[in-house]
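Biologist: I am new to protein models, and I learn best by following one small piece closely. Please pick a single part, show me what its backbone does, and tell me about the chain it belongs to.

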Amino acid sequence: MDFVAYNEIMICQKPIRNYVVAGVTMGYEFQIKYPSYRGCFLSCIEDLYFELDGERLDNTYVYFGLNGKQFTMDEIPELFREYWDVRTPATIRVMCPGGLEKGEHSLRVYMKHRVPYTGYFGQYLTLESDRTAALVCE
Amino acid sequence: MNNDIKIGVSLYSLSTEYIHEKLDLEGCLKAVHEMGYKGIEIVAAQMVPEYPFPSDEWLFNFRGLLEKYELDPVCWSAYIDMGTRTDRDLTEAEIIQYTLNDMIYAKKAGFPLVRTQHAISPAIFRKMIPYCKELDIKLTIEMHWPHHPEVDVWKEYFEIMKGEGKGYLGFVPDFSIFQYMPHELYLRQAVEFGCRKEALDEIVKIHAEGGDMAKVEAGDFTEIEKHYAEEMFGKFNHPARIEQFKDVMDCVFYVHGKFYYLDNDDHDPCIPYEELIPKFVEYGYKGYIASEFEGHHFYSDVNCVDQLAHYVAMNKKILEKL
């Protein structure tokens with residue numbers, strides 16, 4: 001299958017960091033990259049969700065940060081002017097009062113995305129990128 | 001030695017190094033310079049920061065980098081991202097604007113040719129002619145698998161290229177359309193995804209004999225093996241024929257020398273380079289063939305620089321005989 005090797009870059013191998021607001025830990029953050037050889041408009045993402053230590057995260061409390069802006073997960077399909085460069089990480093902020101315990105955690109990222117130029121004979125290729133990685137919360 | 005064919009490189013060949021951040025754009029330019037390449041192609045959506053709206057500053061600085069590494073800008077690769085929006089495809093106006101933007105960026109960065117895609121449509125392709133003339137930029141459509149010269153829309157494209165667009169509008173055959181056997185990385189992945197090695201060998205044999213799916217259905221194969229057989233036969237059993245290019249070679253402005261994996265300097269077991277290159281020369285092609293390594297879709301542990309070295313050596317041997 002084409003595109004498979006690009007999934008390796010989806011989860012950035014950087015520590016998870018707790019998100020602290022005026023001394024109060026409100027959640028945590030990690031980074032992901034677009035799993036392809038080239039960048040893409042965010043509107044090509046058809047589904048995106050996360051699991052931490054086996055628990056699916058409620059997208060209500062997940063914020064998607066890119067290009068100096070912050071988006072809700074529900075806005076993503078409409079973001080046809082927001083380009084995600086292939087080497088630029090997006091910061092995923094998860095609101096979770098108290099944050100994460102320090103130490104190793106398992107993160108799963110699932111992304112279903114449309115390859116927007118593949119409309120040969122009327123069909124767009126849609127890819128499912130699914131990766132799990134162990135990340136350390138500092 | 002034939003001197004009408006030049007072997008260039010698409011920086012896309014270095015995708016693994018680029019996306020894993022081992023090489024940045026300048027690193028890619030330095031690497032291809034050190035490999036001895038002159039002509040380069042850039043996939044703008046991949047390596048141009050601020051894409052799709054790069055600044056003049058970046059575009060002019062890029063020219064400086066090409067000068068620094070003694071490289072010639074040959075092809076600016078653009079896309080028709082028809083499916084960008086969730087609610088609808090791009091409109092004609094949007095395709096025109098995105099295409100014109102790419103032509104302008106290409107001009108500013110010093111490229112004489114833009115590669116776009118089949119979805120541009122004959123009507124829009126024709127509308128770009130005045131801009132090509134004004135900017136003195138060639139606009140080409142990539143003919144990529146699963147397309148081939150006998151897909152209906154290409155007859156219209158050829159007519160435009162040979163008629164009112166002559167000299168400005170052309171096409172870029174991607175050698176993927178001539179692939180007749182699965183490559184080694186595809187087979188490695190098939191085993192990793194659950195195919196038994198010996199069953200896969202048998203499927204490749206059935207494929208080489210013509211790809212009779214009934215034989216697979218009747219044989220002792222698992223579901224995943226049958227899936228791979230179906231995909232393999234569908235993808236590689238109907239390659240384009242070189243004779244289909246005889247009457248349209250005057251419209252070929254550039255070539256994507258696609259390859260997936262080479263373990264030697266002599267022969268690609270999947271794409272018939274020994275036949276293709278002499279025939280392209282015989283049919284009158286003069287210009288660049290871009291080395292386009294694409295194994296990075298499958299595995300990141302294949303060294304792109306080694307792959308390009310094999311590719312250049314193989315083509316050099318073929319060209320020396322002409």
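Modeller: Here is one turn in one chain, with the chain around it described afterwards.

The model is predicted, so keep in mind that local features need pLDDT of at least 70 and side-chain atom pairs count only at pLDDT 80 or more, while totals for chains, interfaces and linings use all residues. Residues are numbered from 1 along each chain as its sequence is written, with chains lettered from A and ligands numbered from 1 in the order in which they are written.

Let's start with the hairpin of β1(A) and β2(A), which leaves two residues between its strands. (Strands are DSSP runs of E with at least two residues, helices are runs of H or I with at least four, and both are numbered from the N terminus.) Strand β1 covers residues 17-21 of chain A, strand β2 covers residues 24-32, and the two are antiparallel partners joined by five bridges. Two strands count as paired if DSSP finds at least two bridges between them. To see one place where they face each other, find A:V20, which has A:T25 of β2(A) opposite.

Now step into the loop between β1 and β2 of chain A, where you will meet A:A22. Its phi is positive, about 50°, even though A:A22 is not a glycine. Is this residue buried or exposed? A:A22 counts as exposed, because there are 5 C-beta neighbours inside 10 Å. The cut-offs use C-beta atoms placed from the backbone: 20 or more others within 10 Å make a residue buried, 12 or fewer make it exposed, and anything in between is partly exposed.

For a companion case, look over at chain B, where B:E70 is another residue that is not a glycine but has a positive phi, this one of about 55°. B:E70 belongs to the loop between α4 and β3 (72-77) of chain B. With 10 C-beta neighbours inside 10 Å, B:E70 counts as exposed.

Back in chain A, follow strand β2 out of the turn. β2(A) pairs with strand β9 (residues 90-95) of chain A through six bridges, and these strands run antiparallel. Here A:Q31 is the residue to find, with A:T91 of β9(A) standing opposite.

Next, take in the whole of chain A. How many helices and strands does it have? There are zero helices and eleven strands, so the run of elements from the N terminus is β-β-β-β-β-β-β-β-β-β-β. The radius of gyration of chain A is 15 Å, close to the 14 Å of the globule rule for 138 residues, so chain A is as compact as a globular protein of that length. That radius is taken over C-alpha atoms, and the rule is 2.2 Å times the number of residues to the power 0.38. Along the principal axes, the C-alpha trace of chain A spans about 55 × 30 × 25 Å.

Of the 138 residues in chain A, 31% are buried. Among the contacts in chain A with a separation of 6 or more, 73% link residues 24 or more positions apart. A contact means that two C-beta atoms, placed from the backbone, lie within 7 Å.

Finally, chain A touches a partner: 26 of its residues are in contact with 29 residues of chain B. Strand β10 (residues 103-120) of chain A gives the most to the side that touches chain B, with five residues.
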